[in-house]
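Reader: I'd like to get better at reading a model by eye. Could you walk me through one?

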Amino acid sequence: MSSVNQFISIRRDLHQIPELGFKEFKTQQYLLDYLSSLSQERLEIKTWKTGIFVKIKGNNPTKMIGYRTDMDGLPITEETELPFSSEHKESMHACGHDLHMAIALGVLTYFVEQPINDDLLFIFQPAEEGPGGAEPMLQTEVMTQWKPDIIIALHIAPEYPVGTIAVKEGLLFANTSELFIDLKGKGGHAAYPHKTNDMVVAASSLVGQLQSVISRNVDPLDSAVITIGKITGGTVQNIIAEKARLEGTIRTLSPESMKKVKSRIEAIVQGLEIAYECEAEIDYGCMYHQVYNDKTLTEEFMEFTRAKSSVEVIECKEAMTGEDFGYMLKEIPGFMFWLGVDSDYGLHHAKLTPKEGAIESAISLITDYLQYKGK
Ligand SMILES: CC(=O)N[C@@H](CCC[C@H](N)C(=O)O)C(=O)O
């Protein structure tokens, strides 16, 4: 029989080997090794790139229930000083995917030992932080053959205590698009600005102008975000920069607002080309569809969870986070919920420290719910 400590220890092992999107080689091998230690009687395991599909055959199936976890880490150098900190210097599980995977294995292990009537499909999905694994995974032959009738996933929430889940029907997470803008002007001597087109000055101006899209073009009763998380440009302190690059992300509450925000960004960038006599190129990188929770299933899950004394259910607001699980929910009814992990530092922070008690709480809630849905 498995124990909760085993899944804490698995989480710690996975925490030490974070890998970026589609490079989750050690993570995939770790998961496959674990899966091979389980009874294979009811299991069918298939891999896709660095991801894994695991089907558990039910006793008397009338449907298939899907459970999805993501697998990748972020390009962040960990600063938690935990004894099981990342062994990969420039990567960290700073978005909780290590917990997500440990929880998925806990639930999966339970149903290998005590199968239910319905079939279960566990999806270990790579590249959630980018460039996105959910959409291509949905298009695989495996998922065409094993298409779940309903699908569920969770995401850790540092701001809620352990034992709390937060969810809502309808829109939970935003539409997202990455944003990369490359500027090319004319470099030169720092003392002769009039003979150059300075891309550091152009980039600085562009950052401010982009924020005006949010404040002047988006309905104040709607909402959107443009965040520029990285700027690079230039070579040394006394050379005027010929090139600069802005890297960011756009978040909106609807696909329509995303179109509008992008067309305003394009207009501003065209204006910048004229004003700064430079060339500009926009690349939208990866884009995620909003996470939209099915009304009936979410309400049923909330009611089910409220009846449990061990868990508090909060009806939350939508968030500007993105998740490519949105693509799965576009095709398959289901929901995602937030799992409280009580960390002083938030998602994508080098000191994120989720409380591991959340692992047991989640395994127990999800196994109970799947037993109820799949009996
Ligand atoms: C839950 C979470 O934090 N997800 C990420 C998804 C990122 C998608 C893409 N790389 C982008 O930056 O637009 C998030 O940042 O919300």
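Author: Let's take a helix, the cores and then the annotated sites. Keep in mind that this is a predicted model.

Reader: Fine, helices to begin with. Which residues of α6 are buried?

Author: The general idea is this: an α-helix has 3.6 residues a turn, so residues three or four places apart point the same way. Now the case here. In α6 the buried residues are Met199, Ala202, Ala203, Leu206, Leu210 and Val213. They sit on the same side of α6, because the arc they cover around the axis is only 95°.

Reader: And which exposed residues are on the face turned away from that buried side?

Author: Gly208, Ser212, Ser215 and Arg216. As for the helix itself, α6 runs over residues 199-217 and reaches 25 Å from first to last C-alpha, close to the 27 Å expected.

Reader: What do the buried residues of α6 pack against?

Author: Three strands and a helix: β8 (175-184), β10 (224-233), β12 (243-252) and α7 (255-276). As for records, an unreviewed UniProt entry annotates residues 181-271 as "domain: Peptidase M20 dimerisation". That stretch is 40% helix and 31% strand, with its end C-alpha atoms 14 Å apart.

Reader: On to the cores. Which residues touch the most other members of the largest nonpolar core?

Author: In general, nonpolar side chains of soluble globular proteins tend to be buried together. Here the largest core has 63 residues, and those touching the most other members are Ala102, Ala104, Val107, Phe122, Phe337, Leu339 and Ala362. Helix α3 (residues 97-113) gives the most to this core, with 10 residues. Apart from that core lies another, of 22 residues, including Ile250 and Tyr276.

Reader: Now the active site. Which residues does UniProt list?

Author: The unreviewed entry gives Asp70 and Glu129. They span 60 residues in sequence, yet their C-alpha atoms are no more than 9.0 Å apart, so they gather at one spot.

Reader: Is Asp70 buried or exposed?

Author: Count neighbours: 20 or more other C-beta atoms within 10 Å makes a residue buried. Asp70 has 28 inside that distance, so Asp70 counts as buried. Its place is in strand β3 (residues 64-70), and leaving out residues up to four places away in sequence, Asp70 touches His97, His100, Gln125 and Glu128.

Reader: Where does Glu129 lie?

Author: In the loop between β4 (119-125) and α4 (134-138). Glu129 is also buried, with 22 other C-beta atoms within 10 Å. With the same sequence neighbours set aside, Glu129 touches Gly21, Asp72, Leu74 and Cys95.

Definitions and conventions: Residues numbered from 1 in each chain as written. Predicted model: local features only at pLDDT ≥ 70, side-chain atom pairs only at ≥ 80, totals over all residues. Helix = DSSP H or I, 4+ residues; strand = E, 2+ residues; numbered from the N terminus. Expected span 1.5 Å × (residues − 1). Buried ≥ 20, exposed ≤ 12 C-beta atoms within 10 Å, placed from the backbone. Arc of directions from axis to C-beta. Contact = placed C-beta atoms within 7 Å. UniProt positions renumbered as here; feature names shortened; annotations may be inferred. Core = buried A, V, L, I, M, F, W, Y, C linked by C-beta atoms within 7 Å.
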